[in-house]
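Student: Could we go through this model together? I would like to learn how each label is earned.

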Amino acid sequence: MQRMSKQGEQLAGHFLAHRKATIDAAGRFPADKLDYRPWPDAMSVGDLIWHMAGAHHMFVQLALGNAPQGERPQRPADLDGIRAALAQLTEGDAAALRAMTEEQLATPRPGIMNMTLPASQWLATACDHEIHHKGQLMLYGRLNGIEPPFFVARG
Ligand code: NI
């Protein structure tokens with residue numbers, strides 16, 4: 001078995017520090033806030049969490065050189081289903097990051113906006129995207145009187 005790269009471990013740790021805070025924030029919404037949106041064209045709470053789960057997963061697949069497969073699965077109908085999918089994708093994405101070799105991370109991959117970047121840069125973009133929407137989700141919470149967690153989670 002090939003040794004997991006130190007860089008892959010670090011990427012997984014960085015991702016999880018943010019994702020665990022996302023999971024914590026997502027867990028604080030009551031079921032009836034599924035469709036809450038702060039303005040008419042905004043993503044709803046459910047759509048926002050689903051978007052975060054799916055986008056990060058897409059970036060990891062892109063970094064691995066895997067073409068998108070078929071249609072995206074349909075969003076679960078309720079918050080518990082969305083949270084379960086988020087947890088499942090988190091586990092898979094973290095494992096994939098840990099297993100990435102230095103060589104894989106340095107490999108140029110075509111991605112969004114007609115750009116080709118080393119896999120490691122797509123994974124950095126994945127984290128930037130997570131951070132952006134995590135703050136948004138926490139604000140959605142605040143607007144509903146829900147105290148957000150700290151912005152990163154350790155351990
Ligand atoms: Ni987005």
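Tutor: Gladly, and keep in mind that this is a predicted model. Let's begin with α5, which has 24 residues and reaches 35 Å from its first C-alpha to its last.

Student: What makes that reach close to the expected one for α5?

Tutor: At 1.5 Å a residue, 34 Å is expected for α5, and its 35 Å is close to that.

Student: How do you know that the length of α1 agrees with its number of residues?

Tutor: The 22 residues of α1 should span 32 Å at 1.5 Å a residue, and its end C-alpha atoms are 31 Å apart, so the two values agree.

Student: Why are α1 and α3 called roughly antiparallel?

Tutor: Their axes cross at roughly 170 degrees and come within 8 Å. Angles over 145 degrees count as roughly antiparallel, and therefore α1 and α3 earn that label.

Student: Which residues of α1 and α3 meet?

Tutor: Among them are Leu 11, Phe 15 and Ile 23 in α1, which belong to a set that meets residues of α3 including Leu 86, Thr 90 and Leu 97.

Student: What makes Leu 79 buried?

Tutor: Leu 79 lies in helix α3. A residue needs 20 or more other C-beta atoms within 10 Å to be buried, and Leu 79 has 20, so it is buried.

Student: Which residues does Leu 79 touch, leaving out those up to four places away in sequence?

Tutor: Leu 79 touches Phe 29, Ala 31, Leu 34 and Gly 46. The C-alpha atoms of Leu 79 and Phe 29 are separated by 8.3 Å, although these residues are 50 residues apart along the chain.

Student: Why is Tyr 36 called partly exposed?

Tutor: Tyr 36 is found in the loop between α1 and α2. Buried starts at 20 neighbours and exposed stops at 12; Tyr 36 has 17 C-beta neighbours inside 10 Å, so it counts as partly exposed. Beyond four places in sequence, Tyr 36 touches Ser 44, Val 45, Tyr 140 and Asn 144.

Student: And what makes Gly 54 partly exposed?

Tutor: Gly 54 lies in helix α2. Its count is 16 C-beta neighbours inside 10 Å, so Gly 54 counts as partly exposed. The C-alpha atoms of Gly 54 and Leu 86 are 8.3 Å apart, with these positions 32 residues apart along the chain.

Student: How do you know whether Met 113 is buried or exposed?

Tutor: Met 113 sits in the loop between β1 and β2. The limit for exposed is 12 or fewer neighbours, and Met 113 has 5 inside 10 Å, so it counts as exposed. Asn 114 lies in the loop between β1 and β2 as well, and its 6 C-beta neighbours inside 10 Å are why it counts as exposed.

Student: What is the phi of Met 113?

Tutor: Phi of Met 113 is near 55 degrees, a positive value in a residue other than glycine. For Asn 114, phi is also near 55 degrees, again positive in a residue that is not glycine.

Student: Which residues of the largest nonpolar core touch the most other members?

Tutor: That core has 17 residues, and Ala 26, Leu 48, Ile 49, Leu 86 and Leu 137 touch the most other members. The elements that give two or more residues to this core are α1, α2, α3 and α5, and α2 gives the most, with 6 residues.

Student: What is Leu 137 in contact with, leaving aside neighbours within four places in sequence?

Tutor: Leu 137 is in contact with Thr 22, Ala 25, Ala 26, Leu 48 and Ile 49. There is also a second, separate core of 15 residues, which includes Phe 59, Ala 96, Leu 123 and Ala 126.

Student: Stepping back, how many helices and strands are there?

Tutor: The protein has 5 helices and 2 strands, in the pattern α-α-α-α-β-β-α along the sequence.

Student: Why is the protein called as compact as a globular protein of its length?

Tutor: Its radius of gyration is 16 Å, and the globule rule gives 15 Å for 155 residues; the two are close, so the protein is as compact as a globular protein of that length.

Conventions. Residues are numbered from 1 along each chain as its sequence is written. This is a predicted model: local features need pLDDT of at least 70, side-chain atom pairs count only at pLDDT 80 or more; totals for chains, interfaces and linings use all residues. A nonpolar core is a set of buried Ala, Val, Leu, Ile, Met, Phe, Trp, Tyr and Cys residues joined through C-beta atoms within 7 Å. Helices (H or I, at least four residues) and strands (E, at least two) are DSSP runs, numbered from the N terminus. Two residues are in contact if their C-beta atoms, placed from the backbone, lie within 7 Å. The expected span of a helix is 1.5 Å times one less than its number of residues. The radius of gyration is taken over C-alpha atoms; the globule rule is 2.2 Å times the number of residues to the power 0.38. Axes are lines fitted to C-alpha atoms, for helices over the stretch in contact, and angles run from 0 to 180 degrees between N-to-C directions. Angles under 35 degrees count as roughly parallel, over 145 as roughly antiparallel, 65 to 115 as roughly perpendicular and the rest as oblique.
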